[in-house]
Structures are given as C-alpha cells and as structure tokens.
Amino acid sequence: SRPNAGGSDPERTETGCSGEAARPAWSQRRWSGRLPGSVPCPACGVRGGGVDAAIPFMSLVEDSCAALREITERMGGGIRDGQMQMVSAVAGAIARRGRLAVEAPTGTGKGIGYLVPIAVSGQRALIVTSSISLQDQLVDLDLPAVAAAVDPSLTFRSVKGRGNYVCAAKAAELRDAAKPGSPLALLAEWALTGEHDGDRRNAPAEVSEDAWSMIAVQSDECPGASSCPHGGVCFSERARIDAKQARVVVANMHLFGMHAVLEGVLEPTPDKVDDDNPGFDVIVVDEAHDMLDVGCTVNGAEVTPVRLRTVAKAISSVDPASQSAVDLRAIAAEMERTCKTFGSQVKRISPADEHPFEPLLIAAMKALESPWSSKPSAGESSERARVRARIEMLSSNVASLLDNDGESWVRWVTD
C-alpha cells in the first residue's frame with residue numbers, strides 16, 4: 001500500500017527509529033512505490049528522496065532502526081547516535097540500490113550497523129572484510145546476534161582462501177607418511193574425519209605454521225577440484241557450495257580480489273545466475289581503505305629469485321633429474337645479481353625500456369614450458385598435480401611481465 005499524503009499508513013503501527021512503541025512483525029511492513037521527498041524518518045531524518053524505490057524505502061529505514069534498538073537492548077548496551085545514523089543510511093542505500101561510504105572509528109559497531117539493514121531487507125549480501133579475524137567475528141558474534149533479534153531463519157556462511165582449509169590430498173599423504181600416534185599423524189586423522197568444515201580455526205589444538213603447511217595448500221599449488229583425486233571431498237570447494245545457499249556470505253578481500261579477475265569465485269557471472277547460483281543484491285566492503293593494497297597484491301604479478309627456487313624445489317620433489325629445476329635455479333641466481341645493481345631504489349620500467357630482466361624472464365618461460373606443457377595424464381598423482389599448478393601460476397606471472405601492452409600493466413623492479 002502506498003503511504004497517504006501525510007506520509008503515514010493507517011494500517012501500520014507507528015514506531016519510528018526510536019523504537020519506543022512495540023515493534024510489529026517485520027513481515028507486516030508493506031510500504032512500497034514512490035516516496036515523496038517530504039517524508040522523513042521520524043528519528044534519523046532520512047528521506048525517501050522522491051525516487052522509485054527498488055524495495056520499500058521508509059519501511060526498511062524505520063524497521064532497521066527499531067531492530068538496532070532491540071539488539072542493543074539484548075546486548076545490554078545503549079543506542080549510539082552515530083550507529084543509528086549509519087543504520088538509517090545503509091537502509092536507505094539498500095532501498096535505493098545506491099552507493100554509500102561510511103567512516104567511523106574502530107569499535108563503534110560498524111558491523112552491526114550494516115548487518116541489521118541487510119537482515120531486515122531480506123536481500124542477499126556479500127560482506128568483504130580486510131582480515132580473517134574480522135570474518136570470524138562477524139560469523140561467530142555479530143551475525144548470530146542480528147539473526148536472533150531480526151530473523152532466526154537468516155543463514156550465513158564464511159568463505160576463505162584455500163590455505164585456510166585442510167587439503168584432503170595432502171592430509172592423506174601425511175597420514176601415510178607420519179609415524180602412527182605422532183602429533184602429525186593425529187593432525188592428519190582429524191583432517192580426514194570429515195566431521196568438521198576443514199577450517200584451521202576449528203582444529204582440535206593450536207597448529208604451527210609448519211604443521212599446517214603439511215595439510216593445506218596455497219592457491220598457486222592447488223590444481224582445482226576437477227583435476228585432484230580428492231576433489232570430491234575438498235573442504236574449500238564445499239565451503240563455496242554451502243555459501244551459494246546462504247543469504248549472507250562473508251569473505252576476505254584477497255578472495256574478493258581473486259573474484260574480480262576469476263569471475264565466479266564468489267558469485268556467478270550474470271549469464272549464469274539461477275536458483276542454484278544466486279547473485280548478490282548488496283555488497284559491503286568493510287575497512288575499504290585496505291582494498292587498494294590488497295587488490296594490487298592479488299591482481300598483480302611478481303617474479304622473484306625466491307619464488308623461482310621454490311618452484312624448482314617443487315619440481316625436483318617429483319622429478320629429481322629435471323633440467324627445468326636446474327635452469328630455474330641458475331636463472332634465480334642471475335636475477336638476484338641483477339637486482340642488486342639497482343640498489344634499494346624502486347625503478348619503474350616502461351614498455352619501451354630495455355632492461356636486463358627480459359632475457360631472464362624469457363629463459364624462465366622456456367624452463368617452465370618443458371616438459372610441463374603437455375596435458376596431465378589420467379593417473380597423475382596429487383603431488384605432481386600441485387607442482388603443475390604452481391608452474392602454471394608462475395608461467396602466467398612471467399607472461400604478464402613480458403607483455404608489452406603498456407596500458408595493461410605498470411612494472412617496477414626493486415632489490
């Protein structure tokens with residue numbers, strides 16, 4: 001029903017943003033259509049703006065503010081004016097399908113400030129965080145509190161990079177190699193039970209970096225579920241599948257940055273949106289000032305002597321007599337010597353510049369092409385598949401640095 005000329009609905013219970021009157025059920029709100037710009041929210045002053053709202057505008061603003069009061073009362077806290085203004089502004093942006101930037105100090109309740117309007121709106125949302133710790137906080141504390149107050153049926157999932165989940169292939173290898181009853185063997189047994197989500201934070205005890213690296217892989221060494229013998233029980237893939245059914249998905253910026261390049265990591269491309277692959281109605285980037293640095297890191301290409309040696313070591317682990325490994329170590333040593341000639345300066349390299357790294361990059365590309373350019377055999381081992389994935393990622397980075405399209409890349413060298 002459309003609000004009358006006075007901006008009120010005779011069939012609705014008046015609460016306002018203050019939430020002083022009893023809150024009616026969220027499902028009873030029925031505001032819709034075009035709101036006059038003269039109708040402000042009673043407490044926060046946000047106006048409809050005289051635009052065609054994609055979803056009920058004033059209803060969402062008022063309901064969100066009322067929900068915020070209920071949540072803070074449950075938590076034993078008090079309403080903060082800044083948080084109320086944020087809830088109102090976020091609700092308005094969702095209703096308009098517009099954009100909004102919010103700045104507030106740490107610890108002022110920004111998470112609750114955007115989660116409440118999302119929950120009240122019923123829209124599907126992606127929350128992008130700057131750190132895994134914030135991801136865990138949202139999933140463990142903030143989202144359960146919002147769901148309890150607004151919508152107990154609200155579903156939410158966390159999605160992280162592959163290195164945060166158990167790799168079933170490596171865990172199986174560790175179980176076979178570790179001494180029975182040893183800490184590593186027990187870790188492998190836990191990893192393979194399947195009675196958990198594979199997330200590192202749910203391990204039965206504190207796991208050192210060295211130990212975790214024995215049962216997990218980074219993105220550059222994962223061949224993908226379709227090319228892995230254990231792809232059917234991949235925890236990382238399972239997390240992404242579960243997230244497709246959730247109304248709120250929480251991911252970190254590194255994964256979101258990968259999605260910007262590899263479409264479909266977090267949501268399907270527009271031509272593939274359907275009931276099994278829903279898209280997102282709302283995207284929130286928390287700590288957005290970190291996005292530029294993370295985006296450059298994730299979407300950039302880096303080739304270093306250390307990385308060349310790491311890939312050479314990986315190749316030698318499956319092929320001790322490999323000439324590719326020998327060549328990569330020699331290229332790494334020469335690259336190290338060349339880098340030192342630049343000192344501690346950062347030098348930008350334009351496409352027109354002749355620089356001593358191009359022959360090294362070309363040599364590296366040749367070393368990586370043979371004999372790994374052939375397609376993997378049907379019975380290729382998990383370990384060899386991981387080495388192939390690392391080679392493919394490094395080859396892609398080398399090719400990017402050799403690309404002479406000056407408009408696509410900015411290149412620099414530093415010691």
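Let us start at helix α5: the elements that cover its buried residues include α6, α7 and α14 (382–402). Helix α5 itself spans residues 168–177, and A168, A169, K170, A171, A172 and L174 are buried there. Towards the end of this helix, R175 and D176 form a salt bridge, with their closest N and O atoms 3.9 Å apart. D176 counts as exposed, at 62% relative accessibility, while R175 is partly exposed, at 38%.

**How far to trust the model**

Please keep in mind that this is a predicted model. The protein has a mean pLDDT of 78, and 75% of its residues reach 70 or more. Over residues 1–54, however, the pLDDT is below 50; this stretch still has 111 contacts in the model beyond near neighbours in sequence. Where pLDDT is low, the predicted coordinates should not be read in detail.

**The sheet and its helices**

A good landmark to look for is an open sheet of four strands, ordered β2-β3-β1-β4, with parallel pairing. At its edges are β2 (156–159) and β4 (282–285), each of which pairs on one side only. Neighbouring strands are turned against each other by 20° on average, with direction ignored.

Strand β1, residues 125–129, pairs with β4 in the parallel sense over four bridges. To find this pairing on the screen, look for A125, whose bridge partner in β4 is V282. Helix α3 (residues 110–121) packs on the sheet and touches β1, β3 (248–252) and β4, its direction making about 165° with that of β1. Helix α4 lies across β1, β2 and β3 and runs at about 165° to β3.

V282 also leads to another helix. In space, its C-alpha is 7.1 Å from that of I94, although the two residues are 188 apart in sequence. I94 has its place in helix α2 and is buried, with a relative accessible area of 6%.

**Two nonpolar cores**

In soluble globular proteins, nonpolar side chains tend to be buried together. Here the largest nonpolar core has 37 residues, and those with the most contacts inside it are Y114, I118, I127, V146, V150 and V248. At least two residues of this core come from each of α1 (57–74), α2 (81–96), α3, β1, α4, β3 and β4. Which element gives the most to this core? That is α4, with eight residues.

V248 is a handy residue to select if you want to explore this region. Apart from its neighbours within four places in sequence, V248 is in contact with I118, A125, I127, L143, L154, T155, F156 and R157. There is also a second, separate core of 26 residues, and among its members are I331, C339, M365 and L394.

**Salt bridges**

The whole structure holds 14 salt bridges. Three of them are set out here.

| Salt bridge | Closest N to O distance |
|---|---|
| R201 and D136 | 3.4 Å |
| D140 and R201 | 2.6 Å |
| D176 and R175 | 3.9 Å |

R201 appears in two of these rows, pairing with D136 and with D140. What do these pairs connect? In the pair of R201 and D136, R201 lies in the loop between α6 (183–192) and α7 (209–213) and D136 in helix α4 (residues 132–150), so the salt bridge ties together parts that are 65 residues apart in sequence. D140 also belongs to helix α4, so its pair with R201 in the loop between α6 and α7 ties together parts that are 61 residues apart in sequence.

Are the partners buried or exposed? D136 is buried, with a relative accessible area of 15%. R201 counts as partly exposed at 36% relative accessibility, and D140 is partly exposed too, at 40%. These residues belong to a wider arrangement: D136, D140, K160, D199 and R201 are linked in a network of salt bridges.

**Bringing it together**

Helix α4 is a useful thread through this structure. It lies across β1, β2 and β3, gives eight residues to the largest nonpolar core, and carries D136, which meets R201 from the loop between α6 and α7.

How values were computed. Residues are numbered from 1 along each chain as its sequence is written. This is a predicted model: local features need pLDDT of at least 70, side-chain atom pairs count only at pLDDT 80 or more; totals for chains, interfaces and linings use all residues. Side-chain values use heavy atoms; hydrogens and water are left out. pLDDT is the predictor's confidence in each residue, from 0 to 100. Contact means heavy atoms within 4.5 Å. A salt bridge is a side-chain nitrogen of Lys or Arg within 4 Å of a carboxyl oxygen of Asp or Glu. Buried means under 20% relative accessible area, exposed over 50%, partly exposed in between (1.4 Å probe, protein chains only). Two strands pair if DSSP finds at least two bridges between them. Axes are lines fitted to C-alpha atoms, for helices over the stretch in contact, and angles run from 0 to 180 degrees between N-to-C directions. A nonpolar core is a set of buried Ala, Val, Leu, Ile, Met, Phe, Trp, Tyr and Cys residues joined through side-chain atoms within 4.5 Å.
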